[in-house]
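Student: I would like a close look at a single part of this model, with the charged side chains as the way in. Please keep to what the coordinates show.

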Amino acid sequence: MRFEPRPMKPGTTRVRRIRLVGTVCAIAASAALVTGCGDSDSETSASSASGAAQSAKDAPTPSESPSGSASLTQDQQERKALLTTTKVTYDKAAATAVKKVDGGMLTDLDLEGVDDDDDSDDASASASASASPSGSASSAGPRWTADVAEKNGTVHKVSIDAVSGEVISSAPDKDQDADDKRETADWLSRSKQTAEQAAKTATDKKKGTVTSVSLDDNDNGGLVWNVDVVTDDWNKTDFDIDAVKGKVTREHVDRD
């Protein structure tokens, strides 16, 4: 038996074509919609990633954690730099200065550059005014400036190279008048402690490097030795030591 194809009703082919075309269009539209959504998501993701990267780039970098040791102040840095290059200790500088004046007594000794004030700057200028006869010592670099007084109160300014120990200059203080000499002579007669004894009293109290020793009167009319000691942390401690009894009357730590 042979089967004949069933005859189509008129208009059937057109309907099926329309349905097929509609199906294809629907599929195409869905694909476009999916593609469009995918592109939108990709662009959004890319934009988000780019923004995050830019934010990370623009964000400030965290500061490094402290090393445990506090940073030095400017004064501490200057003390460290100066004392690192200084080779001549205060006691050697004192001995050298006293030898330049027969029968002289040390009344002031300062390492220039350690928290200089106006007085030490003036002393520096006065000491450097006279050049060394030998010309072998250099006035540059660290140096000690000393005041050595005769019994009559006449003060001599002596400048010493703090590296080589050589004398840079030595001359009487031209700025000293008669009243100054009488005052200095009075101090010499009243003081029972030497500069070396006062420095030892200070360093026995606090270990460190002596950078200044000077004889002066206090507000109460008493006579004291002012001694500066720089410790290992590069702070400076100021001592007032009774020039008669040898006791510490004041102690102040300069942490600047």
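Student: Which residue forms a salt bridge with Lys 236, and how far apart are the closest N and O atoms?

Tutor: This is a predicted model, and what follows describes that model. The partner of Lys 236 is Asp 228, and the closest N and O atoms of the two are 3.9 Å apart. The cut-off for a salt bridge is 4 Å, so the pair is counted. Both Lys 236 and Asp 228 are buried. A further residue belongs here: Asp 238 is linked with Asp 228 and Lys 236 in a network of salt bridges.

The setting of this pair can be described next. The protein chain has six helices and eight strands, in the order α-α-α-β-α-β-β-β-α-α-β-β-β-β along the sequence. Of its 256 residues, 33% count as buried. Among contacts between residues at least 6 apart in sequence, 57% join residues at least 24 apart. The largest nonpolar core has 33 residues, and Leu 109, Trp 144, Trp 225 and Val 227 have the most contacts inside it. Strand β6 gives the most to this core, with five residues.

Strands β6 (223–230) and β7 (236–242) also help to cover the buried residues of helix α2, as do β1 (105–111), β5 (209–217) and β8 (248–254). Helix α2 spans residues 74–85, 12 in number, and reaches 17 Å from its first C-alpha to its last, close to the 16 Å expected at 1.5 Å a residue. Its buried residues are Gln 76, Arg 79, Leu 82 and Leu 83. Seen down the axis of α2, these buried residues fall within an arc of 135°, so they line one face of the helix.

Arg 79 deserves a separate word. Its relative accessible area is 0%, which makes it buried, and its side chain meets that of Asp 254 in a salt bridge (3.4 Å, N to O). Because Arg 79 lies in helix α2 and Asp 254 in strand β8, the pair ties together parts that are 175 residues apart in sequence. Asp 254 also counts as buried, at 16% relative accessibility.

Strand β8 takes part in another salt bridge, between Glu 251 and Lys 206, with the closest N and O atoms 3.7 Å apart. Here too distant parts of the chain are linked: Glu 251 is in strand β8 and Lys 206 in the loop between α6 (195–205) and β5, 45 residues apart. The burial state is partly exposed for Lys 206, at 22% relative accessible area, and partly exposed for Glu 251, at 36% relative accessibility. The full count of salt bridges comes to 10.

A charged residue without such a partner completes the picture. Asp 108 lies in strand β1. Asp 108 is buried yet has no salt bridge, and the nearest side chain of opposite charge, that of Lys 157, is 6.2 Å away. A salt bridge requires a nitrogen and a carboxyl oxygen within 4 Å, so Lys 157 does not qualify at that distance. Leaving aside residues up to four places away in sequence, Asp 108 touches Thr 145, Ala 146, Asp 147, Val 213 and Ser 214.

How values were computed. Residues are numbered from 1 along each chain as its sequence is written. This is a predicted model: local features need pLDDT of at least 70, side-chain atom pairs count only at pLDDT 80 or more; totals for chains, interfaces and linings use all residues. Side-chain values use heavy atoms; hydrogens and water are left out. Helices (H or I, at least four residues) and strands (E, at least two) are DSSP runs, numbered from the N terminus. The expected span of a helix is 1.5 Å times one less than its number of residues. Buried means under 20% relative accessible area, exposed over 50%, partly exposed in between (1.4 Å probe, protein chains only). The arc is that of the directions from the helix axis to the C-beta atoms. Contact means heavy atoms within 4.5 Å. A nonpolar core is a set of buried Ala, Val, Leu, Ile, Met, Phe, Trp, Tyr and Cys residues joined through side-chain atoms within 4.5 Å. Lys and Arg count as positive and Asp and Glu as negative; His and the chain ends are not counted.
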